[in-house]
Number of protein chains: 2
Amino acid sequence: MQLFYTNSTENYFTLNPEESKHVTKVLRKKKGDRLNFTDGKGNLLMAEILISDIRKTTVEVIKKEKKIKQHKYYLHVAIAPTKNMDRFEWFLEKACELGIDEITPIICSHSERKIIKADRCNRILLSAMKQSLKFHKPKLNNTISIENLLRNDFQGNKYIAHCKEAEKIELKNQKTENRTLILIGPEGDFSDNEIAIAIEKKFKAISLGTSRLRTETAGIAAVHTINIKQ
Amino acid sequence: MQLFYTNSTENYFTLNPEESKHVTKVLRKKKGDRLNFTDGKGNLLMAEILISDIRKTTVEVIKKEKKIKQHKYYLHVAIAPTKNMDRFEWFLEKACELGIDEITPIICSHSERKIIKADRCNRILLSAMKQSLKFHKPKLNNTISIENLLRNDFQGNKYIAHCKEAEKIELKNQKTENRTLILIGPEGDFSDNEIAIAIEKKFKAISLGTSRLRTETAGIAAVHTINIKQ
């Protein structure tokens, strides 16, 4: 199955020029052929091509089906974007493939990168969602400072993955049926103060294993650990 | 701790120009300062700078310590290099960070990429080893066809991760204390014939979860699954 994305809520809609070209020239689809779309909100839309056009292919939705999420948990990862943006983008793609619900880019006192291109990140998430045949696009929240994030209340399990010597529990041994929020720090780790605030806010310090992991690898290790525990 | 690599077995050796420049100009190390090296074979070599030179820094080994491997298992992944080489290189870096012992690039009938640059791949493994403070470099075997690989005998657990409908066991539920070999196919999956030969050779078909994963993501998911089971 090949999956396309649409944000249209209409019964008839037109693909953008890039998709129109792909559908007509690469996939060689013609009038009457069917395409599968998702809205990233859990729906599979089966549509029929009404007008096959290299720039403006138009389709009609003929069936709409609600799909259940592939994973059973609800995982929110708040992670510091890496200095090298490729690494953060790789995290987005792999986290979406493995199964994540919400991502918040956080700015910490040791962060070297303080801005990200949200449009580009959302395109990566959309692409990973389609490629891995998922119907739910992870929510990418606005970038926020760790202090502001920690001012909010969160329901569920709350963990912080830091590299400092401290009493830690192993994420793989935790119950994760509920909502889970995991904080992953920047290349220079969280500051002592940031860790202290998180602990005060009832976040538990976790270990992700015996290796020293890069930020984006720690993020993926956290997602996969939750994923295989379901 | 910062870790350097050397393949020297001498008590005195000279760093290459790139490392010499890094040590003298970036780290501002001087005569008498100490540096930590690994040979990638499990040894930590503590060395003292005898000659601090921007192109030819020379050190003397003053202590050698055998380090035990950070992970307790022995994992060999035979994986088809991806069409986009970046993706395969990501796999190498992340697999090394998480913990792997041996990697064999395999060529399958659906492989789009049939050659890799072994030198470049080994440099990526060395760099990931140093960065994650490991003392054992994963072994990168020569690229080999899946047919030839399957002609060999392997001791330990043998698994094949393919995407076709079949009876599969979940990797996360398997015992992995012994040596483990996992086969990961190319973007177009293993062929029916390749799967049949593997099954005949007593490989068990495994599932890595509910998501459709890209080749390199499947590789990382397999490594991390073994890693968190130890």
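# Two chains and their sheets: a quick tour

Okay, let's start where the two chains meet. Between chain A and chain B, 26 residue pairs are in polar contact, with both residues at pLDDT 80 or more. That pLDDT remark is there because what we're looking at is a predicted model.

So which parts of chain A supply the side that touches chain B? Three helices each give at least two residues to that side: α2, which covers 85-98, α3, at 118-131, and α6, at 215-229. If you sort the residues on that side of chain A by type, you get 9 nonpolar, 9 polar and 11 charged.

Now the contact itself. On chain A, 29 residues are in contact with chain B, and on chain B, 28 residues are in contact with chain A. Together the two chains bury about 2,700 Å², and 47% of that is on carbon and sulfur atoms. Which three residues should you click on in chain A? Try Trp90(A), Arg212(A) and Ile228(A): they supply 23% of the area that chain A buries against chain B, more than any other three residues.

There are charges facing each other here too. I count 6 salt bridges between chain A and chain B. One of them to look at is Glu93(A) with Arg214(B), where the side chains meet at 3.5 Å, N to O. Over all chains, the count of salt bridges comes to 26.

Here's another salt bridge, this time within chain A: Glu48(A) with Arg34(A), with the closest N and O atoms 3.6 Å apart. Why pick that pair? Glu48(A) sits in strand β4 of chain A and Arg34(A) in strand β3 of chain A, so the salt bridge ties together parts that are 14 residues apart in sequence.

That takes us to the sheet in chain A. It's an open sheet of 5 strands, in the order β1-β3-β4-β5-β2, with mixed pairing. At the edges are β1 (3-5) and β2 (12-14) of chain A; each has a single partner strand, so one side of each has no neighbour in the sheet. From one strand to the next, the twist averages 45°.

As a quick reminder, strands in a sheet pair through backbone hydrogen bonds, either parallel or antiparallel. In chain A, β2(A) and β5, residues 58-66, run antiparallel and are joined by 3 bridges. If you want a spot to find on screen, Thr14(A) stands opposite Thr58(A) in β5(A).

What packs on this sheet? Helix α1 of chain A, residues 17-26, does, touching β1, β3 (34-38) and β4 (43-51) of chain A, and its direction makes about 160° with that of β1(A). Then there's α3(A), which packs on the sheet as well, touching β1 and β3 of chain A, at about 155° to the direction of β1(A). You've met α3 of chain A already, as one of the helices supplying residues to the side that touches chain B.

Over to chain B. There, 5 strands form an open sheet in the order β1-β3-β4-β5-β2, and the pairing is mixed. β1 (3-5) and β2 (12-14) of chain B stand at its edges with a single partner strand each, so each has one side without a neighbour in the sheet. The twist averages 45° from one strand to the next.

Inside that sheet, β3 (34-38) and β4 (43-51) of chain B pair antiparallel over 5 bridges. Thr38(B), for example, has Leu44(B) in β4(B) as its bridge partner. Helix α1 of chain B, residues 17-26, packs on the sheet and touches β1, β3 and β4 of chain B, its direction making about 160° with that of β1(B). Finally, helix α3 (118-131) of chain B lies across β1 and β3 of chain B, at about 155° to β1(B).

Conventions. Residues numbered from 1 in each chain as written. Chains lettered and ligands numbered in written order. Predicted model: local features only at pLDDT ≥ 70, side-chain atom pairs only at ≥ 80, totals over all residues. Heavy atoms only, no water. Contact = heavy atoms within 4.5 Å. Buried area = accessible area lost by both parts, 1.4 Å probe. Salt bridge = Lys/Arg side-chain N within 4 Å of Asp/Glu carboxyl O. Polar contact = N/O pair within 3.5 Å; in protein donor to acceptor, adjacent residues only side chain to side chain. Helix = DSSP H or I, 4+ residues; strand = E, 2+ residues; numbered from the N terminus. Nonpolar A, V, L, I, M, F, W, Y, C, P; charged D, E, K, R; others polar. Pairing = 2+ DSSP bridges. Axes fitted to C-alpha atoms, helices over the stretch in contact; angles between N-to-C directions.
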